[in-house]
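Please work through the following exercises with the sequence and the model side by side. Each one sets a task and then gives a solution that proceeds step by step.

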Amino acid sequence: MLEYLRESMKSPGIYYLNNDIPVWTEDPLPSTINLKQVIEQVEALIPSAFLRYVQAVRIGMFDEMIERSLNALYKDGVLYITNMQDNNQDIIDDIIHEISHAVEQNNAEMIYHDGAIQQEFIGKRKRLYNLLKSEGFDVIIEQFLEPEYNEDFDMFLFQVVGYPVLSTIADGLFLSPYSITSVNEYFAIGFESFYIDKSPYLKKMCPQLSNKIEYIDEMTNEY
Ligand SMILES: [Zn+2]
């Protein structure tokens with residue numbers, strides 16, 4: 001299949017991540033974006049061992065992303081990334097975010113088996129519950145105790161409370177309001193922070209998450 005893709009799609013605009021994984025655009029990217037540079041920067045930031053979970057990177061507008069209001073998606077080994085990007089950093093963030101889900105889904109046992117990340121995450125959710133309650137929001141505790149994605153809870157967070165209020169209230173608790181969404185996004189935002197901005201807040205604010213990512217990072221040296 002990959003051979004076929006390589007042979008049939010030798011049109012301009014096919015790039016390779018790690019000299020191996022085809023990257024192509026199905027809808028045009030803004031001219032401000034240099035895909036070659038984007039790929040070089042992703043390669044520089046991410047251990048190449050993680051890329052074995054990725055078979056292809058497709059850039060464009062895809063139905064499932066539109067339906068689910070997502071700007072990126074990892075599914076069946078393929079990274080789907082929106083072409084609606086502001087600049088190189090924007091698309092690098094999306095690619096690395098989805099690589100984190102690839103890593104997470106392929107190493108779920110190692111990452112979550114001891115419950116440390118879930119416990120840290122739920123502890124933060126409980127504190128957020130109290131903070132929002134004291135601000136007068138109509139909060140439902142059960143929703144805060146569920147680590148998986150929940151559409152109603154997501155609506156509550158981003159439609160009722162809203163991003164600006166959430167980022168103020170959750171400051172010091174979560175790296176970004178998006179981390180609150182689910183334990184999977186909590187992991188993904190931590191992974192982004194570890195590999196992209198290398199912020200000291202990850203270690204301070206989310207020690208369990210930070211330990212686990214460091215552990216996975218060290219494991220990549222063994223491949
Ligand atoms: Zn995500």
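**Exercise 1. The surroundings of I99**

Task: Find which residues I99 is in contact with, leaving aside its neighbours within four places in sequence, and then place I99 within the nonpolar core.

Solution: Before starting, keep in mind that this is a predicted model.

Step 1. Once the neighbours within four places in sequence are left aside, I99 is in contact with V42, I46, F50, L51, L79 and F191.

Step 2. The largest nonpolar core has 60 residues, and I99 belongs to the group that touches the most other members, together with V57, L128, F187 and F191. F191 therefore appears twice in this exercise, as a contact of I99 and as a member of that group, and in soluble globular proteins nonpolar side chains tend to be buried together.

Step 3. The element that gives the most to this core is α4, with 7 residues. A second core, separate from this one, consists of 5 residues, among them F62, M65, L73 and Y80.

**Exercise 2. The zinc site**

Task: Identify the protein donors of the zinc ion, and explain why the arrangement of the donor atoms is irregular.

Solution:

Step 1. The donors come from H97 and H101, each through NE2, and from E185, which is listed with OE twice; they lie 2.0 to 2.5 Å from the zinc ion.

Step 2. Along the chain, the donors follow the spacing H-x3-H-x83-E. Distant parts of the chain are linked in this way, since H97 sits in helix α4 (residues 88-106) and E185 in helix α10 (residues 183-197), 88 residues apart.

Step 3. The 4 donor atoms subtend angles of 56 to 145 degrees around the zinc ion, and the arrangement is irregular because of these angles. For four donors to count as tetrahedral, all angles would have to lie between 85 and 135 degrees.

Step 4. Turn now to accessibility, where buried means under 20% relative accessible area. H97 has 9% relative accessibility and so counts as buried, and E185 is buried as well, with a relative accessible area of 12%.

Step 5. Not counting residues up to four places away in sequence, E185 touches H97, H101, Y178 and S179. By contrast, the C-alpha atoms of E185 and L145 are separated by 15 Å, with their positions 40 residues apart along the chain.

**Exercise 3. Positive phi in two loops**

Task: For N19 and S69, state the value of phi, the loop in which each is found, and whether each is buried or exposed.

Solution:

Step 1. Most residues other than glycine have a negative phi. Phi of N19, however, is positive, near 60 degrees, and phi of S69 is also positive, near 50 degrees.

Step 2. N19 is found in the loop between β1 (15-17) and β2 (21-25), whereas S69 is found in the loop between α3 (63-67) and β4 (72-75).

Step 3. With a relative accessible area of 74%, N19 is exposed, and S69 is exposed with a relative accessible area of 67%.

**Exercise 4. E64 in its helix**

Task: Describe where E64 is found, how accessible E64 is, and what E64 touches.

Solution:

Step 1. E64 is found in helix α3, and at 26% relative accessibility E64 counts as partly exposed.

Step 2. Not counting residues up to four places away in sequence, E64 touches L73 and K75. E64 and E142, which are 78 residues apart in sequence, are 29 Å apart in space, C-alpha to C-alpha.

**Exercise 5. The protein as a whole**

Task: Count the helices and strands in the protein, and judge its radius of gyration against the globule rule.

Solution:

Step 1. The protein has 12 helices and 5 strands.

Step 2. Its radius of gyration is 18 Å, close to the 17 Å that the globule rule gives for 223 residues, so the protein is as compact as a globular protein of that length.

Step 3. Buried residues make up 48% of the 223 residues. Among the contacts with a separation of 6 or more, 57% are between residues 24 or more positions apart.

Step 4. At the surface, the protein exposes about 11700 Å², of which carbon and sulfur atoms supply 49%.

Technical notes. Residues numbered from 1 in each chain as written. Predicted model: local features only at pLDDT ≥ 70, side-chain atom pairs only at ≥ 80, totals over all residues. Heavy atoms only, no water. Donors = N, O, S within 2.8 Å, 3.2 Å for Na, K, Ca; no water. Tetrahedral: all angles 85-135°; square planar, octahedral: opposite > 155°, others 65-115°. Helix = DSSP H or I, 4+ residues; strand = E, 2+ residues; numbered from the N terminus. Buried < 20%, exposed > 50% of the residue type's maximum accessible area, 1.4 Å probe, protein only. Rg over C-alpha atoms; globule rule 2.2 N^0.38 Å. Contact = heavy atoms within 4.5 Å. Areas by Shrake-Rupley, 256 points an atom, 1.4 Å probe, with all protein chains shown as cover. Core = buried A, V, L, I, M, F, W, Y, C linked by side-chain atoms within 4.5 Å.
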